[in-house]
Amino acid sequence: MAGKALVIVESPSKAKTIGKFLGSKYKVVASVGHVRDLPKSKLGINIENRFEPEYISIRGKGDVIKSLKKEAKDASRIYLATDPDREGEAISWHIAYLLGMDLTKPCRIVFNEITKSAVQNAVKNPRPIDMKLVDAQQARRVLDRLVGYKISPLLWRKIRRGLSAGRVQSAALKIICDREKAIQEFVPKEYWTITALLNKQKDSPKAKPFAARLTEYKGKKLTVGNKEEADKVLAALDPDAYEVTAVESKERIRKPFPPFTTSSLQQEASNRLGFYTRKTMLIAQQLYEGVDIKGHGTVGLISYIRTDSVRISAEAHAAALAYIEENYTKDYVGNHTYSNKRKDVQDAHEAIRPSDVTLHPDDIKESLTRDQYMLYKLIWSRFVASRMASAVYDTVGADIQNGDYLFRASGSKLRFEGYLKVYNNTGEDEPEKMLPELAQGEKLRLNDLTGEQSFTQPPSRFTEASLVKDLEEKNIGRPSTYAPIIATLIERKYILREKKSLSPTELGFVVTELMESYFKKIVDAGFTADMEDKLDDVEIKNIDWKDIVEDFYGDLAKDLEVADAAIEKVKLEDELTDELCEICGKPMAIKHGRFGEFLACSGYPECKNTKARVVKVDVKCPTCGSDLVARRSKTGKMFYGCSGYPNCKQVYWNKPVDKECPVCGALLTERRTKNSNLVCSNSECTYKE
């Protein structure tokens, strides 16, 4: 009797969702991510053999690989159903290699959304593994490994241990450093705004005036640079000579934004929901892979989350129009077309959209976590709005003359809300500001005249949202990599995230300065963008990826040789703490060692006192009431223990939060899984939220 067909995916939650769609003739198992990769302990690239990668089975994956081989041996057929992108194609290729599969035979299935119809249709239409996609991923992996493993040791030797460089990471860091320099070098300029508050002649004294701003003098744009100039203008204006010289009424159309791409989702989730890019991608992955919805079972709620395209399938478009007409009337149905800003190899994927538009966020709210609900609602609303009619405003503009000076006044009123019914582009309602009915030649009464001093402002620091936007506009990296890049920059202490702003540290400046001096191409935005296009051409034009790597590495090898000889050891200023050395009384300084940060006396070498750096987590020990602090084990693993040790030996491997489990009373800890953010620290309790 023939065995079941085997379907291999990356994650257990995805396997669970797909398994329910395929039935008893199929067995769905998970590889739990990559199974083969470059070794961590060495470069793992044979430079002499045209940069051939030396892949190994990932440590700790032995049992998974053994299980996959056993299942494959008993299977009637094998389908590789990893994610529909380069990374997913590469994972399928590695699995096929380990299982000894014929790559020319149709074994690969892809779907843009995890729904019953999409999965069943994919199984009916398998294809061979696409080596163009695999090679595009290999090219990026090898290039990133060469940059990271060749430059990072240099940074360790010349600056300090634990640093890293990266093909995209270093370019992103330079962008943040350049912005900070622009802020530091900014010289504010003074300017004045002159505003007249006016009424119609027949208005009562209590009538609300409207504002008109001074814009021109003798037909030319007027800039008022200081108080002296402002006083001169104010004195020259005749309080009895305000006359309407032109009135223009228009209709303003406000078009909805397209549905989300990976980048625009990251930006909007940051701006509206306050989500970090990493959190956005984590929750979006949960929504894509499947959530147990009451009355529906496990459902993949959104389409694939790594895409640069704004395209939508004809079926999804038709379903959205039908939903809009049924729920908002035919007047709200739109007919907009959207196009991608640049050529894009990821256009095989649709924009991010709900898999079933009839699943309104509020109808399934009780089945979702708070964060899942917020992100699903954002995606659902943006998609529905993109298929709706434009908003329509009535606008009025008026020119008001006073001698040689021209004032401008404007107002608008929403006539038809259109897509604003479900989604506002700006995230906030536009205040209505209508002008009174004005006629050409009409005289106006001055209510008040003011001059307000202002100064030009420096560029603002990047937020995660604005950095993602800038990286995308400069074509640096790919949106799917932005979250780990930002996380790495913070982890390496190259940048700080304070409130929402990203700013470089002294270390970030030092590393960037070194990279600019000796590895100009790596940090050059133009070069990085050009390299991104070349890497895309591996997929689009079937360019040999090894040729690209070979061209790149020739210059890198020369730069490494020059840098190693020229760079002297960089001495960073010690970061002093408020804690005093108990031996000599001098401030303790933060130092960096093999297992992370520790404290050392700033009086070294006279005083050689050192100790672990204690970082409080703002949670009291439930056993003795002392502070819980972050510590590192001898192997470098972070854990959280009582500051009263050794008298109190309370310990947590996950970061505790100041919240008790409602079931057993133990502390909850941070443990981000597919369906929860907090879990009970009591191993015998299964509570999570």
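**Notebook: a look around a predicted model**

I began with Ala284: leaving aside neighbours within four places in sequence, I found this residue in contact with Leu265, Ile302, Ile305 and Leu375. A reminder to myself before going on: this is a predicted model. Ala284 sits in helix H9, which covers residues 277-289. Is Ala284 buried or exposed? Its relative accessible area is 0%, so I noted Ala284 as buried. I also looked up a partner far off in sequence: Thr17 is 267 residues from Ala284 along the chain, and their C-alpha atoms are separated by 15 Å.

**Helix H6 and helix H12**

Next I turned to helix packing. Two packed helices are described by the angle between their axes and the distance between the axes, so I looked up both. Helix H6 spans residues 169-185 and helix H12 spans residues 464-473; their axes come within 11 Å and cross at roughly 120°. I therefore wrote H6 down as oblique to H12. The crossing of these two helices, H6 and H12, is right-handed. Which residues meet here? From H6 I listed Ala172, Ile175 and Ile176, and from H12 Leu467, Asp470 and Leu471. Sorted by character, the residues of the contact of H6 with H12 are 5 nonpolar, no polar and 1 charged.

**Helix H6 and helix H14**

I stayed with H6 and looked at its packing with helix H14, residues 506-518: the angle is about 110° and the axes are 10 Å apart. That angle makes H6 roughly perpendicular to H14. H6 passes H14 in a left-handed crossing. On the H6 side, I noted Ser170, Leu173, Lys174, Cys177, Glu180, Lys181 and Gln184 in the contact; on the H14 side, Gly508, Phe509, Val511, Thr512, Met515 and Glu516. The residues of the contact of H6 with H14 divide into 5 nonpolar, 4 polar and 4 charged.

**Cysteines**

How many disulfides does the structure hold? My search gave 0. A disulfide is a covalent bond between the sulfur atoms of two cysteines, so I went on to sulfur distances. For Cys642, the closest cysteine sulfur belongs to Cys624, 3.4 Å away. Why is there no bond between them? A disulfide needs sulfur atoms within 2.5 Å, so 3.4 Å is too far. Cys642 counts as buried, with 1% relative accessibility. For Cys680, the closest cysteine sulfur is in Cys664, at 3.4 Å, which is too far for a bond. Cys680 has 9% relative accessibility, so I entered Cys680 as buried.

**Backbone notes from three loops**

My last entries are about the backbone. I found a cis peptide bond from Tyr604 to Pro605, with omega near 10°. Where is Pro605? I placed Pro605 in the loop between strand S22 (596-601) and strand S23 (610-612).

I then looked up Arg50, which is not a glycine and yet has a positive phi of about 50°. Arg50 lies in the loop between strand S4 (45-46) and strand S5 (52-53). With a relative accessible area of 31%, Arg50 is partly exposed.

Lys218 went into the notebook too, with a positive phi near 55° in a residue other than glycine. I found Lys218 in the loop between strand S9 (210-217) and strand S10 (220-221). Its relative accessibility is 55%, so Lys218 counts as exposed.

Key
Residues are numbered from 1 along each chain as its sequence is written. This is a predicted model: local features need pLDDT of at least 70, side-chain atom pairs count only at pLDDT 80 or more; totals for chains, interfaces and linings use all residues. Side-chain values use heavy atoms; hydrogens and water are left out. Axes are lines fitted to C-alpha atoms, for helices over the stretch in contact, and angles run from 0 to 180 degrees between N-to-C directions. Helices (H or I, at least four residues) and strands (E, at least two) are DSSP runs, numbered from the N terminus. Angles under 35 degrees count as roughly parallel, over 145 as roughly antiparallel, 65 to 115 as roughly perpendicular and the rest as oblique. A crossing is left-handed if the near helix is turned anticlockwise from the far one by less than a right angle, and right-handed if clockwise. Contact means heavy atoms within 4.5 Å. Ala, Val, Leu, Ile, Met, Phe, Trp, Tyr, Cys and Pro count as nonpolar, Asp, Glu, Lys and Arg as charged, and the others, Gly among them, as polar. Buried means under 20% relative accessible area, exposed over 50%, partly exposed in between (1.4 Å probe, protein chains only).
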